[in-house]
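Here are some notes to keep beside you while you look through the model for the first time. Each point picks one topic, so feel free to pause and find the residues on screen.

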Amino acid sequence: MTREISFDTETTGLNPRGGDRLVEIGGVELINHVPTGRSYHVYLNPERDMPIEAFNVHGLSEEFLADKPLFADVAEEFLEFVGDGLLVIHNASFDMGFINMELERVGRPPIANEQVLDTLALARRKHPGSPASLDALCSRYGIDNSRRTKHGALLDAEILAEVYLELIGGKQAGLALMAEDDGAVGGDGTQDRAAGPALQRPQPLPARLTEAALEQHKAFIAGMGEKALWRGYDAE
């Protein structure tokens with residue numbers, strides 16, 4: 001089972017080491033590249049003002065965020081949701097700079113680079129020389145992002161999940177997963193290896209060999225001698 005989290009953040013600015021803070025976190029869980037319906041979303045009080053440049057991007061005001069929890073209040077539940085899942089992030093260095101800065105503030109270790117997949121780098125490798133913003137990729141793959149009038153962490157994470165699927169092969173990736181699955185899926189989401197084939201013919205197909213062809217085959221094997229390997233199969 002592959003667990004991934006399509007992930008995004010919103011912030012007060014661009015520099016986590018210069019005093020900018022997180023104001024929103026959004027994550028969407030994927031199992032074997034398929035959204036499970038489980039997500040994580042929280043607004044955060046950044047304990048500072050909101051620059052107009054950042055407000056124009058996400059629309060989150062200082063007044064709106066004033067009564068929201070601090071990162072310290074949600075750090076444990078956030079880390080529990082992430083677990084050992086792979087974080088799928090567009091322009092990962094930006095978001096992880098803020099996440100790891102906040103984790104450092106509360107005395108927690110950073111999330112390792114090995115636990116992060118950057119879809120911006122993936123898009124640039126797959127489509128060199130082409131625009132690789134989230135909006136540009138939505139346009140390329142025909143993904144509806146009309147709801148994205150402003151940036152929002154959870155909405156962007158949902159859209160990124162669709163973009164990510166296209167980047168790794170689109171619907172063909174799903175078909176490949178189905179082909180690899182040789183067992184039924186139980187109600188608890190686990191695979192039942194004891195389950196039989198999904199489809200069976202009610203009656204076997206009739207043999208295509210005629211009696212004359214079978215007799216010719218037996219005669220051919222008989223001519224190979226008593227020690228021939230194939231003599232054991234001429235009784236069928």
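1. Let's begin with a salt bridge: the side chains of glutamate 102 and arginine 21 meet at 2.8 Å, N to O. Please keep in mind that this is a predicted model. The two partners come from distant parts of the chain, 81 residues apart, with glutamate 102 in helix H4 and arginine 21 in the loop between S1 and S2. Are these charged residues buried or exposed? Glutamate 102 has a relative accessible area of 2%, so it counts as buried. Arginine 21 is buried as well, with a relative accessible area of 11%.

2. Stay with glutamate 102 for a moment, as its side chain also meets that of arginine 105 in a salt bridge, at 4.0 Å, N to O. Both residues sit in helix H4, and because they are three residues apart, about one helical turn separates them. Arginine 105 has 44% relative accessibility and therefore counts as partly exposed. Which residues make up the network of salt bridges here? The members are Arg21, Glu47, Glu102 and Arg105.

3. A further salt bridge is worth finding: the side chains of glutamate 76 and arginine 108 meet at 2.7 Å, N to O. This pair, too, links distant parts of the chain, with glutamate 76 in helix H3 and arginine 108 in the loop between H4 and strand S5 (116-118), 32 residues apart. Glutamate 76 is exposed, with a relative accessible area of 52%, while arginine 108 counts as partly exposed at 31% relative accessibility. Over the whole structure, a search finds 13 salt bridges.

4. Now for the sheet. Five strands form an open sheet with mixed pairing, in the order S3-S2-S1-S4-S5. S3 and S5 are the edge strands, each pairing on one side only. From one strand to the next, the twist averages 25°. If you are wondering what holds such an arrangement together, strands of a sheet pair through backbone hydrogen bonds, either parallel or antiparallel.

5. You can follow the pairing strand by strand. S1 and S2 run antiparallel and are joined by nine bridges; aspartate 8 has glycine 26 in S2 as its bridge partner. S2 and S3 also run antiparallel, with seven bridges between them, and here glycine 26 has histidine 41 in S3 as its bridge partner. The hairpin of S2 and S3 has two residues between the strands, and in this hairpin asparagine 32 takes a positive phi near 50°.

6. Two helices lie across the strands. H3 lies across S1, S2, S3 and S4, and runs at about 170° to S3. H4 lies across S1, S2, S4 and S5, running at about 80° to S1.

7. Next, the nonpolar interior. The largest nonpolar core has 22 residues, and those that touch the most other members are Phe7, Ile25, Phe71, Phe78, Leu87, Ile99 and Ile111. Strands S1 (3-11), S2 (22-31), S3 (34-43) and S4 (86-89), along with helices H3 (71-82) and H4 (92-105), each give two or more residues to this core. Which element gives the most? The answer is H3, with six residues.

8. To see this core from one of its members, pick isoleucine 99. Leaving aside residues up to four places away in sequence, isoleucine 99 touches Phe7, Thr9, Leu22, Ile25, Phe78 and Ile111. Another core, of 20 residues, lies apart from the largest one, and includes Leu30, Val88, Leu137 and Leu154.

9. Finally, the aromatic rings: the structure holds six aromatic pairs. Tyrosine 43 and phenylalanine 64 form an edge-to-face pair, 5.0 Å centre to centre with 85° between the planes. Tyrosine 43 belongs to strand S3 and phenylalanine 64 to helix H2 (residues 62-65), 21 residues apart. Both are partly exposed, tyrosine 43 with a relative accessible area of 26% and phenylalanine 64 with 35%.

10. For another ring pair, turn to phenylalanine 94 and phenylalanine 98: their centres are 5.1 Å apart and their planes at 55°, so this pair is tilted. They are four residues apart in helix H4, which means about one helical turn lies between them. Phenylalanine 94 counts as partly exposed at 23% relative accessibility, whereas phenylalanine 98 counts as buried at 1%. Ring pairs also link Phe7, Tyr40, Phe71, Phe78 and Phe81 into a cluster.

Note on methods
Residues are numbered from 1 along each chain as its sequence is written. This is a predicted model: local features need pLDDT of at least 70, side-chain atom pairs count only at pLDDT 80 or more; totals for chains, interfaces and linings use all residues. Side-chain values use heavy atoms; hydrogens and water are left out. A nonpolar core is a set of buried Ala, Val, Leu, Ile, Met, Phe, Trp, Tyr and Cys residues joined through side-chain atoms within 4.5 Å. Buried means under 20% relative accessible area, exposed over 50%, partly exposed in between (1.4 Å probe, protein chains only). Contact means heavy atoms within 4.5 Å. Two strands pair if DSSP finds at least two bridges between them. Axes are lines fitted to C-alpha atoms, for helices over the stretch in contact, and angles run from 0 to 180 degrees between N-to-C directions. Rings of Phe, Tyr and Trp (its six-membered ring) pair if their centres lie within 6.5 Å; planes under 30 degrees apart count as stacked, over 60 as edge-to-face and the rest as tilted.
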